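Here are some short notes to read alongside the structure. Please keep the view open while going through the points.

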Amino acid sequence: MPGADKETDLTERIEAFLADLKRGGSGTGPLRGSGEMARETTYLLRRITAQARWSSAGDLMEIIRNEGRRMTAAQPSETTVGNMVRRVLKIIREEYARSRGSSEETEQQESLHKLLTAGELSEETFREHFVHLKANVIEAINELLTELDGTTDNIAMQALEHIHSNEVIMTVGRSRTVEAFLKDAARKRKFHVIVAECAPFCQGHEMATGLSKVGIETTVIADAAIFAVMSRVNKVIIGTQTVLANGGLRAVNGTHSVALAARHHSTPLIICAPMFKLSPQVFTTCSLSLNDVNSCFPVLKILSKVNVHCPVFDYVPPELITLFISNIGGNAPSYIYRLMSELYHPEDHKL
Amino acid sequence: MDKDELVEYFRTQVRQDPEVPSAVAAIRTLLEFLKRDQTGETILGLRENLTQTIRRLEEADSSVAVSSGGELFLRFISLTSLEHPDLSQCKKVMVERGELFLKKISLSRSKVAKLCHTFIKDGAKILTHSSSRVVLKVLESAAADKKRFTVYVTESQPDSAGRQMADKLQNLNIPVTVVLDAAVGYIMEKVDLVIVGAEGVVESGGIINKIGTYQLAVCSKAHNKPFYVVAESFKFVRLYPLNQQDVPERFKYKADTLKAVEDLAEEHPMIDYTPPSLITLLFTDLGVLTPSAVSDELIKLYL
């Protein structure tokens, strides 16, 4: 029966995706960028909307929430998966509200105003059935996909405003967003880039090769030299894995040290991060809880009586950051909470 | 309804249920006034009466919370009267919505506790100031979640409110130590985080709280410890103090002191202002907010 085939096909794809997620984390599968991860997740969510069986928005949200929970459990450090699930949930809520004819603004956020003026303690159940809801949701998800496709270009377009001639820019490790950003500025400006190699995997080397191919003067330095070189740097531009709700970052190990060195020399720290990296998590004081731990094989070859910790991520507090450049423009870290409230609904923060 | 009756009603509310926040008691009193008021013929007249009543209540209890509760109620009246220009129908709607509002905000303390207790990790050492029922609720939920933590409470002179907090915490089987107000700098290196309540949250995102909070905040900033504030949303007040002097005198001293004493310069203030730069996060029933988000909320309500 075609219906059952579609369902088994869907479950197969979901299982394949989950297996891929798990493998990606253990380092044996191909290392994927977050952009690809976000796109894959959105494709899968679109497929679920199209093929799964649901009659009302509430059912669809339940299905997506369940799948989202499984996906985030498979790979907790890959936050873009959870973010995309939340975006899609918000899309569904908006389309539902639009179909009902109520203005979307009023229902969304908790606020003092809403507390005072709301009528009954109405629980929105999303039970009504609308014929065009499926088509509308899929169209909105397609718009989301177009947005995802354009993020790197949108960020790179802003490069000329921030990079001026004869500047010395420092960056850390390898970030596709920052690479595109710098390459775009290099079309019209001449500047110098210092790349910190970022041991133990030394992704900085790839970054430096990529930049020099386009004709940018690049220097590679060891991580230990960051503070020493910082006095000659005009700006520090880095990417990140996740942007947290309080404006802080969860970025590759070593970023906090760079941020502190930049603060010490009063050098602006600019983060290039697309909006899909914005996650509703707020940092909690215990840093080990937010970390994966890497295999330490490249670090130490002799492992008899020594305990080696090789954390993957670092937390950078919002006070050290000057500016966030995202596909929707530049923002201060204190404004991140506002962007978050526009992207996600508060009830979806905890899947 | 007579003004003295109102004050008596307010006092009875507070006496009967010591857990009720003073802003909620104030709003309940004002709602009672609204129900019993027969004299008002126009909405403007109603507002006049209410403003006078609020002033009378503030004379009885000069805390910031009563003032913010009163202002919120006035705002509530204005918003409702805009929708229903006819007075008698307006009153009916107001009473309905008022009851609903009271029901919602009675749940706000539990909402705050639910948000905040996840920030308390196992083995944490928490420092708190004076006696706050919201902080107590937060610590209660964390303890109920089987987390192990220790609490240091400042004694908080001149009324030694910290000791009462310590007693309440001991009843919950939470290990607690009372420290001198002067020992905050000494103890700061040992603690992991600081959680305080607030009597009022001002527009800039700063807070007004028992005297000694500012000191605590400055010390925690110097030691790089997170400084968390837990407050319900009805405590948001439309003040924008730039320094300690800007906080209005009527909040700084107890109501009896304001009436009895001539020269306030001789008196010790009961509250101080903590600027937003020292606060890490605010936990409210509207969610976890950064100090910059507070003014957003107030703007949404008042403008």
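1. Start with helix α2 of chain B in this predicted model. Its buried residues are Ser22(B), Ala23(B), Val24(B), Ala25(B), Ala26(B), Ile27(B), Thr29(B), Leu30(B), Leu31(B), Glu32(B), Phe33(B) and Leu34(B). That makes twelve of 15 residues, and α2(B) is accordingly described as mostly covered.

2. What do the buried residues of α2(B) pack against? Their partners are all helices of chain B: α1 (3–16), α3 (43–60), α4 (64–83), α5 (87–106) and α7 (133–144).

3. The length of α2(B), residues 22–36, can be checked. At 1.5 Å a residue, its 15 residues should span 21 Å, and the C-alpha atoms at its ends are 21 Å apart, so the two agree.

4. Asp296(B) sits in another helix of chain B, α13, which covers residues 291–302. Is Asp296(B) buried or exposed? Its relative accessible area is 17%, and because the cut-off for buried is under 20%, Asp296(B) counts as buried.

5. Leaving aside residues up to four places away in sequence, Asp296(B) touches Tyr337(A) and Arg338(A). With Tyr337(A) there is also a polar contact between side chains, at 3.1 Å.

6. Those two partners belong to chain A, which has 13 helices and ten strands. Of its 351 residues, 50% count as buried. Chain A exposes about 16,800 Å², and 52% of that area is supplied by carbon and sulfur atoms.

7. How are contacts in chain A spread along the sequence? Taking those between residues at least 6 apart, 79% join residues at least 24 apart.

Technical notes: Residues are numbered from 1 along each chain as its sequence is written. Chains are lettered from A and ligands numbered from 1 in the order in which they are written. This is a predicted model: local features need pLDDT of at least 70, side-chain atom pairs count only at pLDDT 80 or more; totals for chains, interfaces and linings use all residues. Side-chain values use heavy atoms; hydrogens and water are left out. Helices (H or I, at least four residues) and strands (E, at least two) are DSSP runs, numbered from the N terminus. The expected span of a helix is 1.5 Å times one less than its number of residues. Buried means under 20% relative accessible area, exposed over 50%, partly exposed in between (1.4 Å probe, protein chains only). Contact means heavy atoms within 4.5 Å. A polar contact is a pair of N or O atoms within 3.5 Å; within protein, one must be able to donate a hydrogen and the other to accept it, and residues adjacent in sequence count only if both atoms are side-chain atoms. Accessible areas come from the Shrake-Rupley method with a 1.4 Å probe; for residues, only the protein chains shown count as cover.
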